[in-house]
Amino acid sequence: MCGIIGIKGNNATEKAFFGLKILEYRGYDSWGVAYPSNNGFSVTKKVGHISNSEPFSSGSNIAIGHTRWATHGNVSEKNAHPHLSMDGKIALVHNGIVENFAEIKKSLIEKGFIFKSDTDSEVIVNLIQEKMKSENSFEEAVRKSLLEIEGSFAIVAVHLGDDKLVCARNGSPLVLGFGDSYFVASDATAFIGETKKVYFLNDNEMVVISLEPKVFDISSGKEISFETKELTWNFEQAQKGQYPHFMLKEISEQSKTLNLAVEQPKEKLDELTSLLKSSEKIFLIGCGTSYHACIAGSYFFSNAGLHVETVLASEFQRVENFLNEKTLIVALSQSGETADLLCAIKSAKKKGAKIASIVNVMDSSLMRISDVSLLMNAGPEICVLSTKSYTSQLAILLLLAYSIAGKANEAKQLVKETASKIELLISSSESEMESLAEKLADKKNIFIIGRGEAFPAALESALKIKEVSYIHAEGFAGAELKHGTIALIEEGTPAIVLCTPETRAEVLSNAIEMKSRGALIIGVDSKEHSEFDFNIIVPNCGNADIISLAIPIQLLAYYLALKKGLDPDKPRNLAKSVTVK
Ligand code: M6R
């Protein structure tokens, strides 16, 4: 939700522009760049995608930028960041939500401030202007302002005449980069082409980038020491390369990423396995796609003789009374920054629960709050849709389930075999899915059913189709049809039926029930069935069948978006990393 960037060094504006293009996956309804010039700040703001705009240079050695996912205030130039203070001397970009913005705004208005936007962020920049009256430095005015802010923030601020950037974090991600220039951004991919030497800010830290960056504790104002580290991702991984879209690139990478997912450090895998075995209660939590992987995980664990409960992270309060020191929470997240998830984890921690995570982004908030983490090793996932991170989550959950039974090596073998079958499946099913998309592109509804592990696969398939093609899609357990949804089946309604060898007989009966009522049946199975109007053949992957079921539907969703003239990487109203509750 919103990407922010700040540069101190040569060609700052061009670098800010370039970084914002990479950060655009975090929000893309509008964007803006500001830099100090002779006559105050020069500010460019536009509604729409920054990727459609040409970069410009300014000669300034300081620039800040923002790409927005609207929260407070509609999508418009006036609400786009950077925001200037009323006196025009401070420019600021913000990611997060100021919960007490209404009361601060009221008190600033009483002091004579006039606001130009409807955003909560403009409140911060005007509060800093107000504090400048009593504080003897810009950084102190920023720090004192932040002490009054309730909610989450990552900010970068500049004051005219002060050759420095002041940035801070509380609840929203921010990382410093040390190269020929200094960088600060919501995500290191924004500057990974320039440097891999980074420092991930902790909550309640502020950085002043003047001659060299200094880190301070926001509450006490005391300087704190920090250590940089080297990123393992590289620039090429964050580029589309030969692919027309990140979505297709990331779908195609899955044979590689599956192999990497099961290459876990032995001591970490053992640590989590023994926590799983020794905990009295276990909850698997996540949001969106990650939640669907949690449901699949509960089935894998159940096969290994371990009962776990799956809970949507946003509904976690419901189980909080059952948490104690003997509880283990296993949190799944690609970004590691999802607000609903972090909120659940923080309250579980307060109750003494142990936190384990399966996460893609190294040093993300989730990883840092966890007692033990397994990294997905999937590389940057830029498309808003989770594809490779989903199958990596499934692979790691399978590894854990097998590991409980002392068979981690068997899981690795299974996933590696699946990965090589997937490679063939991706290349062989692309054109088939493209022509199926042609047939389905004008449909209003698509229903998807599955039983057993194909049930979470059905939920995930529906999410993929609806978020990228805007076709209403609903996934449910095959047996649930007769409990209501079958009322919606009419002549020509597409119904996708996901089969596994164990559930085939029962789900075929459900398919026939729909066909008798006129549904167009699209079956996904390792063998053909005459009951299906369209057969999609996937390889038999044994206990990893849920992985092969995902592939054709990811491709179908991609081609549905293309057939409808939509951008699969940036579906409307969405952002990759959902950092608001
Ligand atoms: O980064 P996370 O895995 O925590 O994200 C959770 C969801 O926001 C995410 O899976 C979302 O549902 C995707 N758009 C699905 O494709």
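**Pockets and salt bridges in the predicted model**

The second largest pocket holds about 500 Å³ of space. The structure described here is a predicted model. A total of 25 residues line the second largest pocket, and Cys287, Gly288, Ala575, Lys576 and Val578 lie nearest its centre. Four elements each supply at least two residues of this lining: α8 (288-303), β18 (327-333), α9 and α13 (454-469). By residue class, the lining of the second largest pocket comprises ten nonpolar, eleven polar and four charged residues.

The largest pocket encloses about 600 Å³. Its lining counts 26 residues. Nearest the centre of the largest pocket lie Ala339, Leu342, Cys343, Lys346 and Lys581. Two elements, β7 and α9 (339-350), give two or more residues to this lining. The main contributor is α9, with eight residues. The lining of the largest pocket divides into eight nonpolar, nine polar and nine charged residues. Helix α9 thus appears in the description of both pockets.

Salt bridges were examined next. The count comes to 26. One of them joins the side chains of lysine 8 and aspartate 163, at 3.5 Å from N to O. The two residues are 155 residues apart and link distant parts of the chain. Lysine 8 belongs to strand β1 (residues 3-8), whereas aspartate 163 sits in the loop between β7 (151-159) and β8 (165-170). The partners differ in exposure. Lysine 8 has a relative accessible area of 12% and is therefore buried, because the cut-off for buried is under 20%. Aspartate 163, at 41%, is partly exposed.

A second pair, lysine 563 and glutamate 434, also meets at 3.5 Å, N to O. Here the bridge runs between two helices: lysine 563 is in α15 (residues 545-563) and glutamate 434 in α12 (residues 408-440), 129 residues apart. Lysine 563 is partly exposed, with a relative accessible area of 33%. Glutamate 434 is likewise partly exposed, at 32%.

A third salt bridge connects the side chains of lysine 515 and aspartate 533, with an N to O distance of 3.0 Å. Lysine 515 lies in helix α14 (residues 504-515), and aspartate 533 in the loop between β24 (520-525) and β25 (534-537). This pair is 18 residues apart and is another link between distant parts of the chain. Lysine 515 is partly exposed, at 32% relative accessibility. Aspartate 533 is partly exposed too, with a relative accessible area of 40%. Elsewhere, Glu135, Glu140, Arg143 and Lys144 are joined into one network by salt bridges that share partners.

Technical notes
Residues numbered from 1 in each chain as written. Predicted model: local features only at pLDDT ≥ 70, side-chain atom pairs only at ≥ 80, totals over all residues. Heavy atoms only, no water. Salt bridge = Lys/Arg side-chain N within 4 Å of Asp/Glu carboxyl O. Buried < 20%, exposed > 50% of the residue type's maximum accessible area, 1.4 Å probe, protein only. 1 Å grid on protein atoms, 1.4 Å probe; cavity = no way out; pocket = protein on both sides within 12 Å on 5 of 7 lines; lining within 4 Å. Points joined across faces, edges and corners; volume = space filled by probe spheres on them. Nonpolar A, V, L, I, M, F, W, Y, C, P; charged D, E, K, R; others polar.
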